Each structure stands twice: as structure tokens, then as C-alpha cells.
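Here is a walk through one protein chain, sheet by sheet and helix by helix. Keep the 3D view open and find each piece as you read.

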Amino acid sequence: MSGFGETDPRHHVVIIGCGFGGLFASRALKRAPVRVTLIDRKNHHLFQPLLYQVATGILSEGQIAPAIRDVLRNYPSFQVVLAEVEHIDVEAREVHADEFGRPLTIGYDSLIVAGGATTSYFGHDEFRAAACGMKSLDDALALRGQIFGAFELAEAEIDEQERRRLMTFVVVGGGPTGVEMAGQLKELSRRALRHNYRRINPHETRVVLVEGIDRLVSTMGPRLSRLTARDLTRMGVEIHLGAMVTHLDDRGVEITTKDGGTQLIPAATKVWAAGTRASGLGAHLAEAAGAETDKVGRVLVRPDCSVPGHPEIFVVGDLMALDDLPGVAEVAMQSGAHAAHTIVRRLEGKPSRPFRYRDLGTLAVISRFRAVAKIGPLRVGGFMGWLLWLVVHVTFLTGFKNRFGALTRWAVSFIGRGRYERALTGRWVAGSKRTKKSA
């Protein structure tokens with residue numbers, strides 16, 4: 001790589017990806033005696049757990065996706081490169097990337113790969129065209145257009161059956177993301193959109209939550225699962241447990257229940273929150289380094305998060321397979337920091353230490369002032385769960401401006417009933433008659 005640091009003798013660390021793993025690795029290296037190059041194809045760090053709030057109009061994209069260059073502006077030994085990684089030459093210790101159409105080669109002494117994960121449709125990639133995932137800012141913005149656009153189309157629709165389809169939302173997946181999405185769709189229709197329309201009643205919006213196993217938020221235990229199902233049902237969410245999606249297209253969703261029965265749910269908007277798969281970078285790195293991957297494409301690593309046979313390469317976060325750790329933000333944060341600390345320890349002549357994950361808990365918001373939280377042995381629901389959720393998310397949002405902005409928007413949305421982010425652009429409803437005419 002020409003330019004930055006080419007004559008700098010310090011140990012060169014390259015970090016691929018600025019999600020939670022890459023960001024926390026960067027923070028851990030801020031004062032280390034190294035120079036760092038961070039490569040990402042996006043110019044922002046994304047706080048994924050709040051994507052559903054962008055999709056439902058509570059937060060703006062900037063509040064959960066600050067620019068990487070701004071986040072790292074006080075890191076003088078860091079260089080940020082916007083590029084798409086195409087190849088990792090593990091023998092030459094080089095990363096080959098595409099930087100706006102130009103080939104770019106960056107050498108490294110140590111490499112941290114934090115490539116993240118993508119949406120998994122469990123072998124039904126044909127569903128992707130009709131169901132929006134919840135993994136990227138593009139997903140959230142597209143979904144926001146579909147949600148608010150559906151109400152606008154319903155207001156103009158003269159056919160009652162089509163109007164009901166437009167006002168039906170199906171969420172696939174009963175984990176924290178699916179539960180939060182279903183709850184916010186009901187909150188939006190019951191509170192925020194009241195008195196906004198003249199021909200439709202948003203309170204009649206149908207929200208359907210489909211989960212393949214027999215309980216919601218299963219990792220939180222039976223008690224919190226029951227609390228979640230109870231609260232969502234009271235809000236009016238229609239829950240289908242033990243149901244599998246067998247067909248999905250623009251018109252709606254077909255589900256098959258555990259007794260073999262099928263049901264067709266006409267719906268204009270479908271949200272896929274059912275599964276994840278490691279990004280393709282994991283399989284590429286594993287092939288190049290002679291490593292193995294698990295069934296969802298994560299790279300099997302050594303206890304210190306390094307790749308077997310290549311101690312200079314670390315894989316962290318959703319791309320890492322170690323001790324059956326879940327693909328959650330806390331694992332990415334801690335493993336990214338651990339990889340960075342390991343590099344520093346080696347430079348100091350100290351041995352590596354195995355990664356020890358500290359489970360700080362799982363949280364999910366059901367509605368305003370109601371959430372469920374599992375933190376160690378603590379299982380909390382209701383208002384206390386919501387307070388814990390609030391503290392945790394304010395703590396981990398990046399930057400004072402984003403924390404202050406989020407608190408302001410939450411006050412407006414939860415105490416009041418406003419949603420600031422409701423602007424629609426020209427291509428706001430994928431597959432609508434209006435979009436097809438303008439295409």
C-alpha cells in the first residue's frame with residue numbers, strides 16, 4: 001500500500017470490518033505501539049441491535065451508524081480504507097482489495113478479520129426478493145419505506161381485501177430481533193399513527209410473528225419466553241409457534257404448522273429475522289489458510305481466536321467459531337478486544353491467553369416501558385427489564401451526540417407518540433404499482 005505508513009517501522013495491524021469486533025479491536029489498539037489499517041466497504045460503524053428502530057421511524061440512520069473516520073478521528077496511528085476485500089494471501093501476508101475500482105494491496109504483520117454475518121434464508125434464497133432482512137442499514141431503510149409506504153397505499157386503496165393485505169405485516173423469527181420488530185410494528189400502528197389517516201384505521205393493522213420452535217426468545221428461558229408471548233398477545237400480535245415458512249412471495253406467506261396444516265397469510269411487508277450466516281469472507285479465509293468452517297460458514301479458531309497454523313491471523317465476532325459461542329454483539333466486542341490485546345502481549349514477549357467470554361446477558365424490548373432481560377442469574381421482565389435495556393443501549397451507543405440524540409428520540413416516541421423518521425422517497429414501496437410505473 002502506497003502512502004500512509006510505508007516507511008513506518010512499527011508492527012502493522014490490519015483490521016477487516018468495523019462492526020463491533022473491528023471497533024473494539026481498534027479501541028484496544030489506540031495507545032499500542034503499532035500502526036493500524038482498518039478496511040471496510042462501508043463508511044460507517046453500525047449498531048445493529050437498533051436497526052428495527054430505524055425501520056419503524058424512531059431513530060435516524062446517523063444515530064446508529066456514525067462515520068468510521070469520525071469515530072477514529074483521535075487515533076493518529078490509524079488509517080481507514082474504504083474497499084472491498086477480494087483475496088487474502090496468507091503466505092505473503094497481504095490483503096488484496098478493490099478500492100473504487102482500483103486494485104489495492106496492503107501488507108500486514110497481524111490480521112484481525114471481523115467480517116460479520118449476513119441473513120440466512122435456510123436454503124430458500126428465493127425468499128430474499130420478497131422478505132427484507134435486518135442486517136444492514138440498507139435493509140432498515142428499505143424496510144422503513146415499505147412499512148410507511150404500506151399505510152399510504154392502504155389509504156388510497158379502494159379494494160378492501162387488498163387494503164387488508166397492505167396492512168398485514170409478517171415477522172419471521174421469534175428471537176430478540178423478531179420480538180422487538182413485531183412489538184414496534186404494533187406500537188407504531190396503535191399509537192404513533194393514530195388520527196393520521198381518514199380512510200383507514202391503523203389500529204386494525206395485523207402483525208403476525210412466526211417462530212419455528214415452540215417458544216419465543218428461547219435463550220432467555222421458559223419464564224421470560226412466557227412473559228414475552230403474553231405481552232405481545234395482549235398488544236394484539238398474532239403468534240404462530242412451531243410453524244415453518246414453506247412459501248413466501250410478493251403476495252404473502254405460507255406457513256406449515258407442526259400438525260401438518262398450512263395457512264396462507266396475505267401480506268405486503270415481510271421481515272426476515274430468522275437466522276444468520278457468516279459472510280463469504282470466512283469461507284475464503286478458511287480455504288486460503290487451510291482451516292475448517294462450521295455449518296454456517298464460521299471459521300474454527302484456536303482458544304486465543306487465532307487461525308490454526310497462522311498465529312498472526314485472528315478471526316472474531318460472527319465470523320468466529322469457538323466453544324459454541326452465539327453470534328451476538330457482546331461476543332464480537334470481547335473477542336475483538338481480546339485479539340488486539342493478544343497482539344500487544346506478543347509484542348511484549350508475553351504468551352497468548354485463551355479467550356474467556358463473559359456473558360453480560362440478553363435483552364429484548366416488547367413495547368414502550370416493557371422488556372425482558374437475562375443477565376447472569378437475573379431474569380427480569382416489565383418496566384425493570386426496560387430500564388436495564390435503556391442503560392445498556394445508551395452505554396454502548398458510540399459517541400455522546402448519538403447517546404443524547406437517541407435519548408431525545410426515545411423520549412418523544414415512548415412518552416409521547418411521535419416518530420420523526422417518516423419521510424418517503426420516490427422508490428418507497430418495493431413491488432408497488434407506483435414503483436413499477438416509475439421504474
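## A three-stranded sheet

Let's start with strand S22 (residues 370–375), which pairs with S23 in the antiparallel sense over four bridges. If you want one pair to look for in this predicted model, try Lys374, which stands opposite Arg379 in S23. These two strands belong to an open sheet of three, in the order S21-S22-S23, with antiparallel pairing. S21 (362–367) and S23 (378–381) are the edge strands, so called because each pairs on one side only. How much are neighbouring strands of this sheet turned against each other on average? The answer is 5°, with direction ignored.

A helix sits against this sheet too. Helix H8 (residues 222–235) packs on it and touches S21, S22 and S23. The direction of H8 makes about 170° with that of S22.

## A six-stranded sheet

Now for another open sheet, this one built from six strands in the order S3-S2-S1-S7-S19-S18. Its pairing is mixed. As a reminder, strands of a sheet pair through backbone hydrogen bonds, and they can do so in a parallel or an antiparallel way. The edges here are strand S3 (78–82) and strand S18 (306–307), each of which pairs on one side only.

Take a look at the S3 end. Strand S2 (residues 34–40) and S3 pair in the parallel sense, over five bridges. Within this region, Ile39 stands opposite Val81 in S3. Helix H1 packs on the sheet as well, touching S1 (11–16), S2, S3 and S7 (110–113). Compared with the direction of S1, that of H1 makes an angle of about 155°. Helix H9 (residues 280–289) lies across S1, S7, S18 and strand S19 (310–315). H9 runs at about 170° to S19.

## His12, inside strand S1

Next, zoom in on a single residue: His12 lies in strand S1. Is His12 buried or exposed? Its relative accessibility is 4%, and because buried means under 20%, His12 counts as buried. Setting aside neighbours within four places in sequence, His12 is in contact with Arg35, Val36, Thr37, Ile106, Gly107, Tyr108, Asp109 and Ser110.

## H1 meets H10

Back to H1 (residues 20–28), which also packs with helix H10 (residues 329–347) at an angle of about 35°. Their axes are 7 Å apart, and the crossing is right-handed. On the H1 side, the contact is made by Phe20, Gly21, Phe24, Ala25 and Ala28. H10 brings Ala329, Ala332, Met333, Gly336, Ala337, Ala340 and His341. Sorted by class, the contact has nine nonpolar, three polar and no charged residues.

## Strands S9, S10 and S15

Strand S9 (residues 168–172) has parallel pairings to show you. S9 pairs with S15 over four bridges, and Val172 has Trp272 as its bridge partner in S15. S9 also pairs with S10 in the parallel sense, over five bridges. There, Thr168 stands opposite Arg206 in S10.

Why is strand S10 (residues 206–211) called largely enclosed by the rest of the structure? Because five of its six residues are buried. Strand S15 (residues 269–272) is covered on both faces. Thr269 and Val271 are buried on one side, and Lys270 and Trp272 are buried on the other.

## Helix H7 and its partner

Last stop: helix H7 (residues 176–192), with 17 residues. From first C-alpha to last, H7 reaches 22 Å, close to the 24 Å expected at 1.5 Å a residue. H7 is mostly covered, with 14 of its 17 residues buried. Helix H5 (residues 137–156) packs with H7 at an angle of about 35°, with the axes 12 Å apart, and passes H7 in a right-handed crossing. Leu143, Ile147, Phe148 and Phe151 of H5 make the contact with Met181, Leu185, Leu188 and Ser189 of H7. By class, that is seven nonpolar, one polar and no charged residues.

One residue of H7 to pick out is Arg191. At 13% relative accessibility, Arg191 counts as buried. Leaving out neighbours within four places in sequence, Arg191 is in contact with Arg368, Ser413, Phe414, Ile415, Gly416 and Arg417.

Notes: Residues are numbered from 1 along each chain as its sequence is written. This is a predicted model: local features need pLDDT of at least 70, side-chain atom pairs count only at pLDDT 80 or more; totals for chains, interfaces and linings use all residues. Side-chain values use heavy atoms; hydrogens and water are left out. Axes are lines fitted to C-alpha atoms, for helices over the stretch in contact, and angles run from 0 to 180 degrees between N-to-C directions. A crossing is left-handed if the near helix is turned anticlockwise from the far one by less than a right angle, and right-handed if clockwise. Contact means heavy atoms within 4.5 Å. Ala, Val, Leu, Ile, Met, Phe, Trp, Tyr, Cys and Pro count as nonpolar, Asp, Glu, Lys and Arg as charged, and the others, Gly among them, as polar. Buried means under 20% relative accessible area, exposed over 50%, partly exposed in between (1.4 Å probe, protein chains only). Two strands pair if DSSP finds at least two bridges between them. The expected span of a helix is 1.5 Å times one less than its number of residues.
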